[in-house]
Amino acid sequence: NTGDKRLFGEFLLNAQGEDVVAGIRTPEPIAELEAVMPEVFAEFHRNTEILERTYSDMQDIEFTVQEGKLFMLQTRNGKRGGEAAVKIAVDLVKENLLDRESAILKV
């Protein structure tokens with residue numbers, strides 16, 4: 001992750017969690033979900049914005065889609081490298097999600 005304000009991640013169609021963990025199949029970039037399931041992608045994107053505002057931090061999110069319905073499974077603060085940490089902290093301040101002092105502590 002570069003710290004750019006965009007969705008970053010992967011997904012698999014017609015797969016189980018163990019398919020990802022075992023490396024049985026190669027996931028697709030999350031941006032491609034928009035072409036495959038535009039309504040699910042739009043809902044997912046809205047949910048990511050809500051979670052980022054709620055936790056005042058970039059989130060690492062697990063989700064599944066079953067019969068066309070999105071299920072958010074879990075979220076946690078996302079890991080990031082040094083440069084990305086600085087960029088994300090600056091963005092969180094610009095978006096009024098964190099004050100400067102709190103943002104500095106995240107770096």
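## A salt bridge between K5 and E95

K5 and E95 are joined by a salt bridge in which the closest N and O atoms lie 3.8 Å apart. This pair connects distant parts of the chain, for K5 belongs to the segment before β1 (10-11), while E95 belongs to the loop between α4 and α5, 90 residues apart. The structure described here is a predicted model.

Both partners are partly exposed: the relative accessible area is 46% for K5 and 32% for E95. The pair also belongs to a wider arrangement, since K5, E49, E52 and E95 are linked in a network of salt bridges. In total, the structure holds eight salt bridges.

## D57 and its two partners

D57 takes part in a salt bridge with R80, with the closest N and O atoms 3.0 Å apart. This pair, too, links distant parts of the chain: D57 is in the loop between α3 (38-55) and β3 (59-66), and R80 is in the loop between β4 (69-77) and α4, 23 residues apart.

D57 also forms a salt bridge with K106, and here the closest N and O atoms are 3.2 Å apart. K106 is in helix α5, and 49 residues separate it from D57 in the chain. With a relative accessible area of 4%, D57 is buried. Its partners are partly exposed, R80 at 23% relative accessibility and K106 with a relative accessible area of 31%.

## Helix α3 and its buried side

The length of α3 agrees with expectation: at 1.5 Å a residue, its 18 residues should span 26 Å, and its end C-alpha atoms are 26 Å apart. Which residues of α3 are buried? They are V40, F41, F44, N47, T48, L51 and E52. These residues cover an arc of only 140° around the axis and therefore lie on the same side of α3. An α-helix has 3.6 residues a turn, so residues three or four places apart point the same way.

The cover over the buried residues of α3 includes α2 (33-36), β3, β4 and α4. On the face turned away from the buried side, α3 carries the exposed residues E39 and T54. Just after α3, S56 adopts a positive phi of about 50°. One of the buried residues, E52, is also a member of the salt-bridge network that contains K5, E49 and E95.

## D91 in helix α4

D91 is located in helix α4 (residues 82-94). Is D91 buried or exposed? D91 counts as buried because its relative accessibility is 14%, which is under the 20% cut-off.

When neighbours within four places in sequence are left aside, D91 is in contact with G3 and K5. K5 thus appears again, as the residue that forms a salt bridge with E95.

## A nonpolar patch on the surface

V86, V90 and V107 form a nonpolar patch on the surface. Together, these three residues have about 240 Å² of accessible area. Within the patch, V107 is placed in the segment after α5 (100-106). V107 is exposed, because its relative accessible area is 55% and the cut-off for exposed residues is over 50%.

Note on methods:
Residues numbered from 1 in each chain as written. Predicted model: local features only at pLDDT ≥ 70, side-chain atom pairs only at ≥ 80, totals over all residues. Heavy atoms only, no water. Patch = residues over 30% accessible without salt bridge, like charges linked within 9 Å, V, L, I, M, F, W, Y side chains within 5 Å. Areas by Shrake-Rupley, 256 points an atom, 1.4 Å probe, with all protein chains shown as cover. Salt bridge = Lys/Arg side-chain N within 4 Å of Asp/Glu carboxyl O. Helix = DSSP H or I, 4+ residues; strand = E, 2+ residues; numbered from the N terminus. Buried < 20%, exposed > 50% of the residue type's maximum accessible area, 1.4 Å probe, protein only. Contact = heavy atoms within 4.5 Å. Expected span 1.5 Å × (residues − 1). Arc of directions from axis to C-beta.
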